[in-house]
Each structure stands twice: as C-alpha cells, then as structure tokens.
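Welcome! Here are two short exercises to work through with the structure in view, each followed by a solution in steps.

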Amino acid sequence: MDIQIFIDLQDRLDQETTLYEQIKEAVKELHKTCRLASANLSKAHSVPQSQTIEVVDSAKPQFAQMKQKISELSKLIEPVTFYRYHDMWSNALQTACSLAVFATYLSENRLATPEDIEKLLGQKVNVDNGQITEFVITVEEYLHGIISLFSELSRLAVNSVIANDIKRPQDISTFASELYSGFQLLNLKNDSLRRRFDSIKYDIKKIEEVQYDLRVRGLLA
C-alpha cells in the first residue's frame with residue numbers, strides 16, 4: 001500500500017485548517033472594527049441633526065479600517081471556495097453594510113446604493129447574483145444592511161422628539177414608508193431576510209406612534 005496518499009491527504013487537511021484559522025482571525029478583526037464604528041455612529045441618537053455630519057466624520061477612520069480588513073479577508077478566498085467558507089464572514093459583512101447604510105442616511109438623508117457600499121467597504125455588491133469570479137458582498141448582505149436601518153430610524157424618531165426636533169420625525173416617517181414600500185416589491189426567498197422583513201412593521205409602527213403623539217399634542221399640523 002502506498003501511504004503517500006494519506007500523507008497528501010493530511011497535507012491538504014492541514015492547509016484547510018490553516019486557512020480556516022486565518023479566515024476566523026480576519027473576521028474577528030473585522031467585527032472589532034465594526035463595533036468601534038457602531039459606537040461612533042450611535043452618537044447620532046444623542047446629538048441634534050445639525051451635528052450628525054460630525055458623527056459620521058468621526059467614524060471615517062473605522063470605515064477605512066473596515067475596507068482594509070475586508071480586503072485582507074478577500075485575499076484569503078478563491079472564487080471556487082467562496083460559498084464553502086461564506087458563512088464564516090457573512091454576519092460581519094451584514095454588520096458592515098448596515099453601518100455603511102446608516103452612515104449614508106445620516107450624512108445625505110438617502111438610501112445607500114450598491115455603489116456607495118463599494119466605495120465605503122471596497123468590494124462590489126453582487127447585484128446580478130451571477131457566478132462568483134471574485135470576492136463580493138452578496139445581495140442578501142446588502143439587503144440585511146438596509147433592513148437594519150429601520151431600527152435606527154425608529155430610534156432616531158424617538159430621540160429627535162426628546163431633543164425637541166419636531167420636523168425630523170416627519171422626514172424619517174416619509175423616508176421609512178417609501179423604503180418599506182420598496183421592500184414590498186421584493187420576492188424574498190431567503191428565510192433570514194423574510195423573517196427580518198416581517199419585523200420591519202414594528203419599527204414602522206413605532207415611527208407612526210411618534211407621529212401620532214406629536215399630532216395629539218398639537219405639535220404637528
């Protein structure tokens with residue numbers, strides 16, 4: 001019997017173990033950077049709208065680091081193994097997308113496009129769901145990032161009233177309603193996306209309750 005077969009198999013297993021550990025470490029570093037960015041962006045809930053640009057600017061170093069960390073991760077992955085290891089980093093990329101979407105809304109009061117995501121995170125969004133020929137951000141990760149924006153919007157609506165900013169909840173309500181209408185056009189086949197989409201209505205309801213309360217108090221026409 002030629003035992004070289006088993007030696008070669010062990011070499012292959014060792015290579016896979018090494019790659020697994022490298023991916024795990026890269027994802028750990030990306031999560032750490034995302035937490036720092038989230039901590040900075042969360043300050044938007046406690047400052048007037050006029051200061052939100054400063055909040056976004058404070059997170060720019062973290063976005064630069066996220067871009068670098070994702071680039072380092074991408075260099076570990078060959079197209080043929082993309083989906084084999086995808087679950088290891090997908091959650092981290094969902095978080096990174098949600099931060100990019102929130103930062104874009106805070107700075108420009110609009111929805112981040114796939115091109116915005118690429119600019120901030122350094123990787124294309126695979127909007128065509130085509131064959132993987134390079135490391136990409138999946139459409140599902142992008143959509144998860146958008147869904148996360150609804151909870152941030154509901155918090156902003158509440159905190160704006162606390163800060164005596166009566167107009168902002170109206171703008172938030174209009175934006176959230178339009179965004180929700182857009183999502184309803186999608187035929188979501190991903191179970192995780194469907195479940196999270198179903199939860200959006202609770203954030204919409206919270207925003208509407210803020211609007212209702214302002215009207216009852218005579219603060220809105």
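**Exercise 1.** Find out how H6 and H7 are oriented to each other: roughly parallel or roughly antiparallel?

*Solution.* Start with the elements: helix H6 spans residues 139–162 and helix H7 residues 167–184. (Helices are DSSP runs of H or I with at least four residues, numbered from the N terminus.) Next, take the angle, about 160°, with the axes 9 Å apart; axes are lines fitted to C-alpha atoms over the stretch in contact, and angles run from 0 to 180 degrees between N-to-C directions. Angles over 145 degrees count as roughly antiparallel, and therefore H6 and H7 are roughly antiparallel. Lastly, look at who meets whom (heavy atoms within 4.5 Å): among them are Leu143, Ile146 and Phe150 in H6, and Ile172, Phe175 and Phe183 in H7.

A word on the model: it is predicted, local features need pLDDT of at least 70, side-chain atom pairs count only at pLDDT 80 or more, and totals for chains, interfaces and linings use all residues. Residues are numbered from 1 along each chain as its sequence is written, and side-chain values use heavy atoms, leaving out hydrogens and water.

**Exercise 2.** How many disulfides does a search of the whole structure find, and why is Cys34 not bonded to Cys97?

*Solution.* First, recall the cut-off: a disulfide is a pair of cysteine sulfur atoms within 2.5 Å. The search finds 0 disulfides. Then check Cys34: its closest cysteine sulfur, in Cys97, is 9.3 Å away, so it is too far for a bond. Finally, consider burial (under 20% relative accessible area, 1.4 Å probe, protein chains only): Cys34 is buried at 2%, and Cys97 is buried at 0%.

Technical notes
Buried means under 20% relative accessible area, exposed over 50%, partly exposed in between (1.4 Å probe, protein chains only). Helices (H or I, at least four residues) and strands (E, at least two) are DSSP runs, numbered from the N terminus. Angles under 35 degrees count as roughly parallel, over 145 as roughly antiparallel, 65 to 115 as roughly perpendicular and the rest as oblique.
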